[in-house]
Amino acid sequence: MAGFVEIEKLTKTFGGLTAVKDVSFRIERDEMVGLIGQNGSGKTTLIRLIIGMLKADHGFIRFKGESILGHSPWDIVKKGIGMTHQVVRPFREMDILANVMVGCLGSGKKRGEWIKRIESKAMDALEFCGISDMAREPASVLSHGDLKRLEIARALATDPELLILDEPFGGLNPYETDLLAKSLKRLHKGGRFGRLHTEGPAMLIVEHKLAELMRIVDKVIVL
């Protein structure tokens, strides 16, 4: 029986360097999965292969039974895979709401209805992440912790069924880390973000803070 996400013998080389070699694993629809390994073990390369930012040399990537190998990142996002990045690069002079709305571009026929719909979706995402009160402020005012929340809101607004998070706890203090961990767990279970999801997304989380990661994931993949 096909899994929700299937990675089979995935390999990527850069010249004479093999960054990812024969990696295989599955993620089920109801799972939160951790991805860990030493620096240089290929974690970032692997998630960039999944999201279409890099092209694999060998292997397969299937999402809901369909091969997504070689698809563009924007096609993969439309299919239901979202990703947050370790280094957050917002449009700093744009307001926070607009930063989230940008991620929703690419659908809709009637412009007025489309804008209203994605604005509502973006506000839902900001509300879930706890920064909707700053929606009209420029992104430049956000602290590091709030920038992490903005990055998650941007991904959530694309309605992902699989959410890939690259070191979401990086640079956060213990209080912020605990708050974000609880938010991710609530999101996975459906939470109060249910207006956009009948069930929360599956998650693949790359993280170095192992104690915090182990509290929320169902299983761990080690590279």
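**Exercise 1.** Compare the span expected for helix 6 (residues 174–188) with the distance between its end C-alpha atoms.

*Solution.* Helix 6 has 15 residues, and at 1.5 Å a residue it should span 21 Å, where the expected span is 1.5 Å times one less than the number of residues. The end C-alpha atoms of helix 6 are 21 Å apart, which agrees with that expectation. Helices here are DSSP runs of H or I with at least four residues, strands are runs of E with at least two, and both are numbered from the N terminus.

The model is predicted, so local features need pLDDT of at least 70 and side-chain atom pairs count only at pLDDT 80 or more, while totals for chains, interfaces and linings use all residues. Residues are numbered from 1 along each chain as its sequence is written, and side-chain values use heavy atoms, with hydrogens and water left out.

**Exercise 2.** Work out which residues of helix 6 are buried, and where they lie around the axis.

*Solution.* Begin with the terms: buried means under 20% relative accessible area, exposed means over 50%, and partly exposed lies in between (1.4 Å probe, protein chains only). The buried residues of helix 6 are Glu-176, Thr-177, Leu-180, Ala-181, Ser-183, Leu-184, Leu-187 and His-188. They cover an arc of only 165 degrees around the axis, which puts them on the same side of helix 6; the arc is that of the directions from the helix axis to the C-beta atoms. An α-helix has 3.6 residues a turn, so residues three or four places apart point the same way. On the other side of helix 6, Pro-174 and Tyr-175 are exposed.

**Exercise 3.** Describe what is found at the N-terminal end of helix 6, and then just after this helix.

*Solution.* The N-terminal end is capped by Asn-173, which has a side-chain oxygen 3.1 Å from the backbone nitrogen of Tyr-175. Just after helix 6 comes Gly-190, with a positive phi of about 115 degrees.

**Exercise 4.** Which residues have a positive phi although they are not glycines, taking Lys-64 and Asp-159 in turn, and where do they lie?

*Solution.* Lys-64 has a positive phi of about 55 degrees, and its place is in the loop between strand 4 (58–63) and strand 5. With a relative accessible area of 43%, Lys-64 is partly exposed. Asp-159 has a positive phi of about 60 degrees and belongs to the loop between helix 5 (144–156) and strand 7 (162–166). With a relative accessible area of 26%, Asp-159 is likewise partly exposed.

Technical notes: A polar contact is a pair of N or O atoms within 3.5 Å; within protein, one must be able to donate a hydrogen and the other to accept it, and residues adjacent in sequence count only if both atoms are side-chain atoms.
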